[in-house]
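Visitor: I am new to this structure. Please take one part of it and walk me through it closely, then show me how that part connects to the rest.

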Amino acid sequence: MASIHNDIPLNASARDVWDAVRDFGALHERLVPGFVTACTLDGEVRVVTFANGSVAREVLVDCDDARQRLVYAINNERLEHYSASVQVIAEGEAKSRLVWIIDMLPNELAAYVQGQTKEAVIAMHKAFPPAA
């Protein structure tokens, strides 16, 4: 099973980043604008449209405010398994780290998903720019 790890330093408080992460239906507006172009909620599922035109149905598995950790899964015909966790960790008052881990099968899609996560990280940095 492929495991993709992203440890992303952000120039924003953990409180602000967590507020964006936990806003499950506003992914395209708050956490990764531009990388995700649309996001709609269908119960506990968010239907995500990416900039490249692909669409995914992401199921909310857990949203833990105490640990500032969100878990979601994707079930579709291309993926045998896809589970991801996003956790926000404070790095002082005005900085934080977002730890995003994806476990997935088949392994053959890992390079594509890794490339997509790099695009998402760029969008996150734009969403939380350094203070002027």
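Guide: Start at Pro106. Pro106 sits in the loop between S7 and H3. The model is a predicted one. The peptide bond joining Leu105 and Pro106 is cis, with omega about 5°.

Step back one residue, to Leu105. Leu105 belongs to S7, and His81 stands opposite Leu105 there. S7 covers residues 96-105. S6 and S7 run antiparallel and are joined by 10 bridges. The two strands form a hairpin with 5 residues between them. In that turn, Gly92 has a positive phi of about 90°.

Now look at Met104. Met104 touches Met1, Ala2 and Ile4, among others. Its contacts also include Leu79, His81 and Tyr82. Further along the chain, Met104 touches Leu109, Ala110 and Val113. That list leaves out residues up to four places away in sequence.

Met104 also belongs to the largest nonpolar core, which has 40 residues. Met104 is among those with the most contacts inside this core, along with Val21, Leu31, Val32, Tyr82, Leu98 and Trp100. The largest share of the core comes from helix H3, residues 110-127, with 6 residues. In general, nonpolar side chains tend to be buried together in soluble globular proteins.

S7 has another partner besides S6. S1 and S7 run antiparallel and are joined by 9 bridges. In this pairing, Leu10 stands opposite Ser96 in S7.

Those pairings belong to an open sheet of 7 strands. The order is S1-S7-S6-S5-S4-S3-S2, with antiparallel pairing. Strand S1 (2-10) and strand S2 (36-42) are the edge strands, and each pairs on one side only. Neighbouring strands are turned by 25° against each other on average, direction ignored.

Helices pack on this sheet. Helix H1, residues 14-22, touches S1, S4, S5, S6 and S7. The direction of H1 makes about 155° with that of S6. H3 lies across S1, S6 and S7. H3 runs at about 10° to S1.

Follow the sheet the other way, from S6 to S5. These strands pair in the antiparallel sense over 5 bridges. A hairpin of 6 residues joins S5 to S6. Val71 stands opposite Ser85 in S6.

Is Ser85 buried or exposed? Ser85 has 13% relative accessibility, and the cut-off for buried is under 20%, so Ser85 counts as buried. Ser85 is in contact with Arg69, Leu70 and Val71. Val99, Trp100 and Ile101 are in contact with Ser85 too. Neighbours within four places in sequence are left aside here.

Val71 leads on to S4. Asp62 stands opposite Val71 in S5. S4 and S5 pair in the antiparallel sense over 6 bridges. They form a hairpin with 4 residues between them.

Gln68 is found in the loop between S4 and S5. Gln68 has a positive phi of about 50° although it is not a glycine. Gln68 touches Ala14, Arg15 and Trp18. Val86, Gln87 and Val88 are also touched by Gln68, not counting residues up to four places away in sequence. Val45 is 23 residues from Gln68 along the chain, and the C-alpha atoms of the two are separated by 19 Å.

Val45 brings us to S3, residues 45-50. S3 and S4 pair in the antiparallel sense over 5 bridges. The bridge partner of Val47 in S4 is Arg57. S3 and S4 form a hairpin with 4 residues between them. Gly53 in this turn has a positive phi of about 95°.

Last, look at the largest pocket. Its volume is about 530 Å³. The pocket is lined by 30 residues. Phe50, Ala56, Glu58, Ile74 and Tyr82 lie nearest its centre. Tyr82 was met above among the contacts of Met104. Helix H2 (27-31), S3, S4, S5, S6, S7 and H3 each supply at least two residues of the lining. H3 gives the most, with 6 residues.

That closes the loop back to Pro106, in the stretch between S7 and H3.

Technical notes: Residues are numbered from 1 along each chain as its sequence is written. This is a predicted model: local features need pLDDT of at least 70, side-chain atom pairs count only at pLDDT 80 or more; totals for chains, interfaces and linings use all residues. Side-chain values use heavy atoms; hydrogens and water are left out. A nonpolar core is a set of buried Ala, Val, Leu, Ile, Met, Phe, Trp, Tyr and Cys residues joined through side-chain atoms within 4.5 Å. Buried means under 20% relative accessible area, exposed over 50%, partly exposed in between (1.4 Å probe, protein chains only). Contact means heavy atoms within 4.5 Å. Two strands pair if DSSP finds at least two bridges between them. Axes are lines fitted to C-alpha atoms, for helices over the stretch in contact, and angles run from 0 to 180 degrees between N-to-C directions. On a 1 Å grid over the protein atoms alone, a cavity is a set of points where a 1.4 Å probe fits but cannot get out, and a pocket is an open set with protein on both sides within 12 Å along at least five of seven lines; lining residues have an atom within 4 Å of a point. Grid points are joined across faces, edges and corners, and a volume is the space filled by probe spheres set on the points.
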